[in-house]
Amino acid sequence: MRIFYVCSDFGVPVYGHKGASIHLRAMANAFAGLGHTVQVLSPAIERAGNADFQLSVLDPVDLEPHLPALDALRRADRAFGPTAAGHPSRVAQEVRNILYNQLLEAAAPRLRDFGADFVYERYALFGAGGLGLARALGVPHVLEVNAPLCLEQERARGLHLGDVARAVEARVWRETDAMLAVSAELAARACAEGAPRDRVHVVANGVDVERFEAAAGQGARVRQALGLGLGPVIGFVGSLKSWHGTDVLLDAFTLLHPRWPTARLLLVGDGPKGDALRATARSRGLDGAVVFTGAVDHARVPELLDAMDLTVAPYLPAEDFYFSPLKVYESLAAGKPVVASRLGQITDLVEAGYVEPAVPGDPASLAQAIEAVLADPKTALGRAERGREWTHRERTWAANARRAADLAATTALVRR
């Protein structure tokens, strides 16, 4: 099949290093690996040395005719005042996103020669261009939804054009031919907001399992390079943001360390909490026991995971935990014992016997769960191996791409 892969999010560069960019490339490569021809459409193409992505990519749709209007809006942003959340005005960016929808749809005539069989769109705030393109070309539209973006944006930065954003979200969720939601919680939210239940499918995040297999045996070198000593090494991989619970993890490690004096806590990644976490570790005399790598290229994650004896995903309590925990799947793919907060999709992994659970936001519970793994490594490794086999069987990007293509093919038959 021939696929247009649309990502209209200006904050997700095709060749970027953030998680969303990695996800985009992984799915595109998975489609190609199944023999499909993929053409990515994006306004954010930064050709900056990601050799793992060599598919054909169209240049961004030209926004030049609209730049004077956008420049005027940027100059006037101060007049709009801050958003309800107190952040600076983002009206120019919001209008830019809306304009990209129109430009993408208008490009349909020159894109027709590609002969697309369906359009696969990564849902973006204000993003409906992929749906418009699919309708203009007369082909199915498959929508990947990773989060309720209107809700997230309103919480994090606020929205000036919130009514427009919500209307676009409602439209694209209702009208897509097939929605791939990354969790049951997100699927339920979409259905509650009007998405037809028979078009909503739960497809969790995938893992590039071959990379984790290739990294086996590299851990000893990494441990030596980072000065991790005898261990055991307790690891975290992800951005150091508040909802990831790294404060709770550091508190739990503080409780553990007197009983496991050679243990090391390895924090891979960086973010807004980084400086505060470093200061707390110093104030508790844990400088040598807590190791921060700072931001790392995702290509290094497999070897860093190989250096860990167990990994922790200490998410904080949340009533609407709609995430698909990629860091947990990657740890399982690497064959590592995992301790994680019992929330959302993680509950399924706990009940399947792959993950040791902890009470979200509770340092004592987290310390107890980590110690249970450290005290019985044989049982923990057996559980980890079962998790590894499951991940390699059920949680691959290839499986996700196959599901999307099958849904598009079924929809195409119905449309005929």
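How many cavities of 30 Å³ or more does the structure hold? The structure holds 2 of them. The exercises below return to both.

This is a predicted model, where local features need pLDDT of at least 70, side-chain atom pairs count only at pLDDT 80 or more, and totals for chains, interfaces and linings use all residues. Residues are numbered from 1 along each chain as its sequence is written, and side-chain values use heavy atoms, with hydrogens and water left out.

**Exercise 1. Describe the protein chain as a whole.**

Step 1: count the elements. The protein chain has 18 helices and 12 strands. Helices (H or I, at least four residues) and strands (E, at least two) are DSSP runs, numbered from the N terminus.

Step 2: check burial. Of the 416 residues, 54% count as buried. Buried means under 20% relative accessible area, exposed over 50%, and partly exposed in between (1.4 Å probe, protein chains only).

Step 3: look at the contacts. A contact means heavy atoms within 4.5 Å. Take contacts in the protein chain between residues at least 6 apart in sequence: 73% of them join residues at least 24 apart.

**Exercise 2. Find the largest nonpolar core and its main contributors.**

Step 1: define the object. A nonpolar core is a set of buried Ala, Val, Leu, Ile, Met, Phe, Trp, Tyr and Cys residues joined through side-chain atoms within 4.5 Å. In soluble globular proteins, nonpolar side chains tend to be buried together.

Step 2: size it. The largest core has 32 residues, and those with the most contacts inside it are Val 328, Ile 346, Leu 349 and Val 355.

Step 3: list the elements. Two or more residues come from each of helix 9 (209-214), strand 7 (233-237), strand 8 (264-268), helix 13 (301-306), helix 14 (326-333), strand 11 (338-341) and helix 15 (344-351). Helix 14 gives the largest share of this core, 4 residues.

Step 4: zoom in on Val 328. Leaving aside neighbours within four places in sequence, Val 328 is in contact with Ala 313, Val 338, Ala 340, Ile 346, Leu 349 and Val 355.

Step 5: look beyond. Another core, of 28 residues, lies apart from this one; Ala 263, Leu 267, Ile 370 and Leu 374 are among its residues.

**Exercise 3. Characterise the two cavities.**

Step 1: set the terms. On a 1 Å grid over the protein atoms alone, a cavity is a set of points where a 1.4 Å probe fits but cannot get out; lining residues have an atom within 4 Å of a point. Grid points are joined across faces, edges and corners, and a volume is the space filled by probe spheres set on the points.

Step 2: take the largest cavity. Its volume is about 80 Å³. It is lined by 13 residues, of which Val 237, Thr 311, Lys 327, Val 328 and Ser 331 lie nearest its centre. Helix 14 supplies the largest share of this lining, 4 residues.

Step 3: sort that lining by class. It has 8 nonpolar, 3 polar and 2 charged residues. Here Ala, Val, Leu, Ile, Met, Phe, Trp, Tyr, Cys and Pro count as nonpolar, Asp, Glu, Lys and Arg as charged, and the others, Gly among them, as polar.

Step 4: take the second largest cavity. Its volume is about 60 Å³. Residues that line it include His 23, Met 27, Glu 144 and Trp 397. Helix 1 and helix 18 each supply at least two residues of this lining, which divides into 7 nonpolar, 4 polar and 1 charged.

**Exercise 4. Decide whether two loop residues, Asp 320 and Ser 8, are buried or exposed.**

Step 1: place Asp 320. It is found in the loop between strand 10 (310-313) and helix 14. Its relative accessible area is 19%, so Asp 320 is buried. Leaving aside neighbours within four places in sequence, Asp 320 is in contact with Leu 151, Arg 155 and Arg 189.

Step 2: place Ser 8. It is found in the loop between strand 1 (2-7) and helix 1. Ser 8 counts as buried because its relative accessibility is 5%. Outside its neighbours within four places in sequence, Ser 8 is in contact with Pro 43, Tyr 100, Glu 121, Ala 124 and Gly 127.

**Exercise 5. Work out how covered helix 5 is.**

Step 1: count. Helix 5 (residues 129-137) is mostly covered, with 7 of its 9 residues buried.

Step 2: name some. Gly 129, Leu 131, Leu 133 and Leu 137 are among the buried ones.

Step 3: move past the end. Just after helix 5, Gly 138 takes a positive phi of about 70°.

Definitions and conventions
On a 1 Å grid over the protein atoms alone, a cavity is a set of points where a 1.4 Å probe fits but cannot get out, and a pocket is an open set with protein on both sides within 12 Å along at least five of seven lines; lining residues have an atom within 4 Å of a point.
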